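Here are some exercises to work through with the model open beside you. Try each task before you read its solution.

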Amino acid sequence: MNQQTLSSPENANWNYPTDILFGVGRVNELSAICNNKQIRNPLLVTDFGLANFDFIKDIKTSLKDSNLNCEVFCEVKNNPNGQNIAKGVIAYNAGGHDGVIAIGGGSALDAGKAIALMVGQSHSIWDFEDIGDNWLKVNERNMAPVIAIPTTAGTGSEVGRASVIVDEEKHLKKIIFHPNMLPATVILDPRLTQDLPPHLTAATGLDAFVHCLEAYCAPGYHPMAEGIAIQAMTLIKTWLPIAFENGSDLDARGHMLTASCMGATAFQKGLGGVHALAHPLGAIFDKHHGLLNAIILPFVLIKNRLAIEDKMTNLCAFLSIDVEVKQSGFDAFLNWLMDFRTSFGIPNSLSEIGIEEKEMKRIGEMAFADPSAQGNPISLSPEEYAEIFSCAVKGDLQFGRESSRSKGK
Ligand SMILES: [Zn+2]
């Protein structure tokens, strides 16, 4: 199907994977949702940079007009840390709040979800890291309800059951998980994303693309996740360039919000080596998560090549990427991807964003230990992750190509 022929998205209500209200202006229904959920005094968790934006003030006014009490908590770093969450829990309890409205980019949504998890727990947040059965330690009844409203289209955190929080003492990004961290209600209002500048539109949109691609390539039987991932990639291929060129195109913004949501729904199947590397790099160098993913992606694909050749050939058909005679589907996809990335001004190497080739060994070990690594199509050693990191710093796309050529493609 030609995505360009899809009509403009209109209002829609979905309850997969949670309740989702989609449509321009639907943030105006927030007071009604709070009333419905019997939330009378929400804590509004947002990014520091958004707290003074007009739409936050408008939301506060409309909640107050509906006799709802509301306070704003915005001490949330770009990569939210344990201290941010602890302060949010103090604010929640001090204000006698009874629910969380998380509004903003992935950082605000992750922070809001983690605060809602932690408001009634006796354990440390790190006891709920996504390892084994840790989530069973959570006192579920004390978790606060969350309404999530993304203002970027990338992380899909609004439909995720986990938050990525930095353990500042250990300089580690940790995934905090409980199935009930999935927000009860999500509002996807394209208008809230239209002021996102082009470079962030690109970085977040490509993060969503990587979620889909890693989920699609992750091993395991999950045709539902793969179908969602493929359709979201077709949306991103068509609409990200339009959202990048013209941020006020609400059709494009709407499709990107939906694709972002779909990416996070799909990656319940698994992520992979790109995220396994981006998590430690984000924790150590404090760079934008989507930008890191966008730069690292081709290097991980090349390393995984032999395991994903057939999937890439199929993907070219799904995404209408031309494969020339005697060209492998993998090479056709990689060439398209490099052009797609360049069209948004994404650099070819990590060195171009100030990341040097240091701490290779540590980064390799951290990537190997990252839970996302379990979704990679092949098992990579710490040394192999260190090698991918080294090539990504230099922008050396030739590595690993010899072995793939020897397959005679
Ligand atoms: Zn991501």
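A residue is called buried under 20% relative accessible area, exposed over 50% and partly exposed in between, with a 1.4 Å probe and protein chains only. The model is predicted, so local features need pLDDT of at least 70 and side-chain atom pairs pLDDT 80 or more, while totals for chains, interfaces and linings use all residues. Residues are numbered from 1 along each chain as its sequence is written, and side-chain values use heavy atoms, without hydrogens and water.

**Exercise 1. Find which residues of E5 are buried on each side.**

Solution. Start with the strand itself: strands (E, at least two residues) and helices (H or I, at least four) are DSSP runs numbered from the N terminus. E5 covers residues 100-104, and five of its five residues are buried. Next, sort them by face: Val-100, Ala-102 and Gly-104 lie on one side, Ile-101 and Ile-103 on the other. This fits a general pattern: in a regular strand, side chains alternate between the two faces of the sheet.

**Exercise 2. Place E5 in its sheet and name the strands it pairs with.**

Solution. First, recall that two strands pair if DSSP finds at least two bridges between them. The open sheet has seven strands in the order E1-E2-E9-E6-E5-E3-E4, with mixed pairing. Its edge strands, E1 (12-14) and E4 (71-73), each pair on one side only. Now look at E5: four bridges join E3 to E5 in parallel, with Val-45 opposite Ala-102. E5 and E6 are also parallel, over five bridges, and here Ile-101 stands opposite Ile-147.

**Exercise 3. Describe how the rings of Phe-209, Phe-340 and Phe-344 are arranged.**

Solution. Begin with the rule: rings of Phe, Tyr and Trp (its six-membered ring) pair if their centres lie within 6.5 Å; planes under 30 degrees apart are stacked, over 60 edge-to-face and the rest tilted. The structure holds eight such pairs. For Phe-209 and Phe-340, the centres are 6.2 Å apart and the planes at 50 degrees, so this pair is tilted. Phe-209 lies in helix H5 (residues 198-217) and Phe-340 in helix H10 (residues 329-342), so the pair ties together parts 131 residues apart in sequence. For Phe-340 and Phe-344, centres 4.9 Å apart and planes at 85 degrees make the pair edge-to-face. Finally, check burial: Phe-209 is buried, Phe-340 is buried at 6% relative accessibility, and Phe-344 is buried with a relative accessible area of 6%. These three Phe residues belong to one aromatic cluster, together with Phe-244, Phe-333 and Trp-336.

Notes
Contact = heavy atoms within 4.5 Å. Axes fitted to C-alpha atoms, helices over the stretch in contact; angles between N-to-C directions.
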